[in-house]
Each structure stands twice: as structure tokens, then as C-alpha cells.
Amino acid sequence: MPFANIKIPQAALSRSQKAEIVHNLTALFVHYFGEAARLHTMVLIEEVCDGGYGRADEVFVVPDAYRASETVTPPSG
């Protein structure tokens, strides 16, 4: 089973951007392993909270300007 584990900063991507990553990685695995891989491909996107990782010897916090700003509309009914 093809498996991809992607770690991203919390709130850095919108739901639609995460869905696009899942779609594109699945297509990539299908390209290399054939159509049979589609049903067995797992893509896990994990969000790491601010302060949970570092870069260049510093704890990293995502600036607000780089956070996803997708508005979620509640279901009507």
C-alpha cells in the first residue's frame, strides 16, 4: 500500500489545499504503480502546532500572513 505522511504547520493550508495534496499524491502513486494503487493509497496530512518544530536552531511559529484563510460555510438545514 503506498503511503505518504506530510507534516505541515497548523492552519497553513486550507481544506481545499489539503484535498489537492491528497489528489496529487494519489495520482503520483498511480503514475508509478498503476491504477490498482489508487484504492490502496493512504495520504496522511499532519498539522504540527506552533512551537512544535524548529528551523535553523529556532523554534518556528507561522506568521498570521501565511496561515490559510478559508471561510467555512456551515451546512444549512
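This briefing describes the fold, the surface, the charged pairs and the backbone of one protein chain.

The structure is a predicted model, and every value below was computed from it. The protein has one helix and four strands, and from the N terminus on these elements follow one another in the order β-α-β-β-β. Buried residues account for 19% of the 77 residues in the protein. A search of the whole structure finds five salt bridges, and some of them are described below.

**Overall fold**

- Strand β1, which covers residues 3–9, pairs with β2 in the parallel sense, and the pairing runs over seven bridges.
- Within this pairing, alanine 4 stands opposite valine 43, a residue of β2.
- Helix α1, which covers residues 15–33, joins with β1 and β2 to make a β-α-β unit, and this unit is right-handed.
- Among the contacts between residues at least 6 apart in sequence, 68% join residues that are at least 24 apart.

**Where the helix meets strand β2**

- Valine 22 is found in helix α1, while methionine 42 has its place in strand β2.
- These two residues, valine 22 and methionine 42, are 20 residues apart along the chain, and their C-alpha atoms are separated by 8.5 Å.
- If its neighbours within four places in sequence are left aside, valine 22 is in contact with Val43 and Ile45.
- Valine 22 counts as partly exposed because its relative accessibility is 32%, a value that lies between the limit of 20% for buried residues and the limit of 50% for exposed ones.

**The surface**

- The protein exposes about 6,000 Å², and carbon and sulfur atoms supply 58% of this area.
- A nonpolar patch of about 430 Å² lies on the surface, and the residues that make it are Met1, Phe3, Met42 and Leu44.
- Methionine 42, one of the residues in this patch, is partly exposed, since its relative accessible area is 39%.

**Charged pairs**

- Side chains of opposite charge can pair when their charged atoms come close.
- Glutamate 35 forms a salt bridge with arginine 38, and the closest N and O atoms of this pair are 2.5 Å apart.
- Arginine 38, with a relative accessible area of 38%, is therefore classed as partly exposed.
- The side chains of arginine 67 and aspartate 50 also meet in a salt bridge, for which the N to O distance is 2.3 Å.
- This pair links distant parts of the chain, for arginine 67 lies in the segment after β4 (58–59), whereas aspartate 50 lies in the loop between β2 (42–48) and β3 (54–55), and the two are 17 residues apart.
- Arginine 67 is partly exposed, because its relative accessibility is 23%, and aspartate 50 is likewise partly exposed, with a relative accessible area of 28%.
- Arginine 67 forms a salt bridge with aspartate 64 as well, and here the closest N and O atoms are 3.4 Å apart.
- Salt bridges that share partners thus join Asp50, Asp64 and Arg67 into one network.
- Aspartate 64, whose relative accessibility is 66%, counts as exposed, because this value is over the limit of 50%.

**Backbone angles in two loops**

- Most residues other than glycine have a negative phi, and most peptide bonds are trans.
- Alanine 11 has a phi near 65°, which is a positive value in a residue other than glycine.
- This residue, alanine 11, is placed in the loop between β1 and α1, and it counts as partly exposed because its relative accessibility is 30%.
- Aspartate 57 also has a phi near 65°, again a positive value in a residue other than glycine.
- The place of aspartate 57 is in the loop between β3 and β4, and with 82% relative accessibility this aspartate counts as exposed.

Technical notes:
Residues are numbered from 1 along each chain as its sequence is written. This is a predicted model: local features need pLDDT of at least 70, side-chain atom pairs count only at pLDDT 80 or more; totals for chains, interfaces and linings use all residues. Side-chain values use heavy atoms; hydrogens and water are left out. A salt bridge is a side-chain nitrogen of Lys or Arg within 4 Å of a carboxyl oxygen of Asp or Glu. Buried means under 20% relative accessible area, exposed over 50%, partly exposed in between (1.4 Å probe, protein chains only). Contact means heavy atoms within 4.5 Å. Accessible areas come from the Shrake-Rupley method with a 1.4 Å probe; for residues, only the protein chains shown count as cover. Two strands pair if DSSP finds at least two bridges between them. A crossover is right-handed if, with the strands pointing away from the viewer, the path from the first strand over the helix to the second runs clockwise. Patches are made of residues with over 30% relative accessible area and no salt bridge: like charges are joined within 9 Å, nonpolar side chains (Val, Leu, Ile, Met, Phe, Trp, Tyr) within 5 Å.
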